[in-house]
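Some notes on this model follow, as numbered points. Please read them with the structure open.

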Amino acid sequence: MGIIGWILVGLIAGIIAKFLMPGKDPGGIIITILIGVAGGLLGGWLGKVIFGVDSIDGFFELSTWIAAIVGSLILLALYRLVAGARHRH
């Protein structure tokens with residue numbers, strides 16, 4: 001999958017992650033894309049390490065989308081913790 005595919009998967013996975021974790025986020029669309037792309041990579045890596053499967057197969061594979069969304073949810077939660085802690089101080 002090329003870089004354009006990852007950006008597209010990341011954009012959609014980031015939007016889905018924000019939809020699944022509603023609330024105020026201290027970031028815009030660029031942060032959403034970056035969290036989504038990084039989340040896809042994180043999800044793929046975790047799938048390989050924990051379950052021993054190659055979860056990043058292709059753009060239209062369900063495993064790719066599940067890995068990207070789960071990774072995005074993890075990174076979005078971490079981002080909210082870090083950004084929220086900074087905002088309170």
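1. Start at Ala13. Setting aside neighbours within four places in sequence, Ala13 contacts Trp65, Ala68, Ile69 and Ser72. Keep in mind that this is a predicted model.

2. Three of those partners return in the largest nonpolar core. That core has five residues: Val9, Ala13, Trp65, Ala68 and Ile69. Helix 1 (3–20) and helix 3 (62–88) each supply at least two of them. Helix 3 gives the most, with three residues.

3. Ser72 deserves its own look. Ser72 sits in helix 3. Is Ser72 buried or exposed? Its relative accessibility is 0%, so Ser72 counts as buried; the cut-off for buried is under 20%.

4. What does Ser72 touch, not counting residues up to four places away in sequence? The list is Ala13, Gly14, Ala17, Ile35, Gly36, Gly39 and Gly40. The contact between Ala13 and Ser72 thus appears in the lists for both residues.

5. Now the overall fold. The chain has three helices and zero strands. Along the sequence the pattern reads α-α-α.

6. Contacts across the sequence come next. Take the contacts in the chain with a separation of 6 or more: 67% of them join residues 24 or more positions apart. The pairing of Ala13 with Ser72 is one contact to inspect here.

7. Last, burial and surface. The chain has 89 residues, and buried residues make up 31% of them. The chain exposes about 5,700 Å². Carbon and sulfur atoms supply 76% of that area.

Methods:
Residues numbered from 1 in each chain as written. Predicted model: local features only at pLDDT ≥ 70, side-chain atom pairs only at ≥ 80, totals over all residues. Heavy atoms only, no water. Core = buried A, V, L, I, M, F, W, Y, C linked by side-chain atoms within 4.5 Å. Buried < 20%, exposed > 50% of the residue type's maximum accessible area, 1.4 Å probe, protein only. Helix = DSSP H or I, 4+ residues; strand = E, 2+ residues; numbered from the N terminus. Contact = heavy atoms within 4.5 Å. Areas by Shrake-Rupley, 256 points an atom, 1.4 Å probe, with all protein chains shown as cover.
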